[in-house]
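Subject: Structure for you to look at

Hello,

Here is the structure I said I would pass on. My notes on what turned up in it follow below.

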Amino acid sequence: MDFDGLFRRQLDSLRKEGNYRVFAELERCSGAFPRAKRYRGPDDPTEVTVWCSNDYLGMGQSPVVLSAMHEALDRCGAGAGGTRNISGTNHEHVLLERELADLHGKEAALIFTSGYVSNWASLGTLGARIEDCVILSDAFNHASMIEGIRHARCEKRIWRHNDPADLDRHLAALDPARPKIVAFESVYSMDGDIAPIEEIVEVAERHGAMTYLDEVHAVGLYGPRGGGVAEERGLMDRITLIEGTLGKAFGVMGGYITGSAALVDFVRSFSSGFIFTTALPPAVAAGARASIRHLKASDAERLRQRATVRKLRARLDAMGIPHLPNPSHIVPVMVKDPVKCKMLSDILLDQYGIYVQPINYPTVPKGTERLRLTPSPLHSEADLDHLTRALGALWSQCALARAVA
């Protein structure tokens, strides 16, 4: 069989639909976020301003984080040396897990190599190991949660996005004695909307269901200590399991879960995604811990980011550029056409030195393609001026083209 031919045909189909992903080759400039060098060739770097990073607060460039990582690297060396079970549990891992448990007001925490793995491994383990379990999943949950539920091979129910009444309807149809897990997110990364957490928790509690909350796009950003939306709304103690990432607002990499000591030990003991993978490098754990500790005490980064978000939204409104209204830090500029979305992204990068990745299907439904902007506390007034002038010029050209057509 001509396997390469099969691969090429499917890739060609992606290109025709405008959904083929092209990666920008970047080199982040240490201490100069949101600046980066973009490479078109091995010796041809140009400076760009990044407007789509998930390093939401620029902590990946923070001297606090870099200093902790340098110190740990000099002290511990590069890698962890093995899985957590076989020589790979470094003191830095234990300290980080204590820091995370404290952040969310839980008894224990467990770190993974990524937020994707923490969702996949935890939901997969819980759903598979709890006899006769059913997982009720929000319709817009992340791919990592969906894969974890698939891996569990237990019964699943999909409830309408952010709809506690529909969740209540699904739960009411189940045997009251049956184990149930309600899985949802706080901030949804593509539309930027925020779940009605208290109403969802109340429904889950009424039916005796466990709650599983993904705070990946909220930790570090919301709450007085950066514990997420659940902290901001005083609900952390009512959530059974809180999952998060170290690779977004905390600026490093890795994922984690927090919960009761028994729950965390259960996942630690039965999850293949935890047991059979090499542990995070100690320097990465040290950097994450330094970032968490800093953001527990400092609100300055969060306040500056929110100010930048407000300014960007106001400028887009003044120019008539459509963006989804939401209460979060994510600003989706709606293009609603995959080819045009990719074209706008390419022109912004090539002609204006502005990098914002096009978000097309299957990440978002067809017809909802967008440029997903993530303003940071380190984007300057000049950066805002340059971005909005470029977007305004391109939007005017698109409007003129539509009118002529």
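Gly77 comes directly after helix α2 and has a positive phi, near 85°. The model is a predicted one, and that applies to everything below.

Helix α2 itself covers residues 63-76. With 14 residues at 1.5 Å a residue, α2 should span 20 Å; the C-alpha atoms at its ends are 19 Å apart, which agrees. Val65, Ala68 and Ala72 of α2 are buried. These three cover an arc of only 70° around the axis, and therefore sit on the same side of α2. The partner of the buried residues is α12 (282-297), against which they pack. On the face turned away from that buried side, α2 carries the exposed residues Pro63, His70 and Asp74.

Next, the sheets. One is an open sheet of seven strands with mixed pairing, in the order β4-β10-β9-β8-β7-β5-β6. Its edges are β4 (108-112) and β6 (155-159); each has a single partner strand, so one side of each is left without a neighbour in the sheet. On average, and ignoring direction, neighbouring strands here are turned by 20° against each other.

At the β4 edge, the pairing with β10 (residues 255-259) is antiparallel and runs over five bridges. Within this pairing, Gly255 of β10 stands opposite Phe112.

Two helices are worth noting against this sheet. Helix α7 (residues 164-172) packs on the sheet and touches β5 (134-138), β6 and β7 (180-185). The direction of α7 makes about 150° with that of β6. Helix α10 (residues 261-270) lies across β4, β8 (210-214), β9 (241-245) and β10. Relative to β4, α10 runs at about 25°.

There is also an open sheet of four strands, again with mixed pairing, ordered β1-β2-β3-β12. Here β1 (26-28) and β12 (354-355) are the edge strands; since each has a single partner strand, one side of each is left without a neighbour in the sheet. The partner of β12 is β3 (residues 45-50), and the two pair in the parallel sense over two bridges. One of the bridge partners is easy to find: Thr49 is matched with Ile354 in β12.

That is what I have for now.

Regards

Methods:
Residues are numbered from 1 along each chain as its sequence is written. This is a predicted model: local features need pLDDT of at least 70, side-chain atom pairs count only at pLDDT 80 or more; totals for chains, interfaces and linings use all residues. Side-chain values use heavy atoms; hydrogens and water are left out. Two strands pair if DSSP finds at least two bridges between them. Axes are lines fitted to C-alpha atoms, for helices over the stretch in contact, and angles run from 0 to 180 degrees between N-to-C directions. Contact means heavy atoms within 4.5 Å. The expected span of a helix is 1.5 Å times one less than its number of residues. Buried means under 20% relative accessible area, exposed over 50%, partly exposed in between (1.4 Å probe, protein chains only). The arc is that of the directions from the helix axis to the C-beta atoms.
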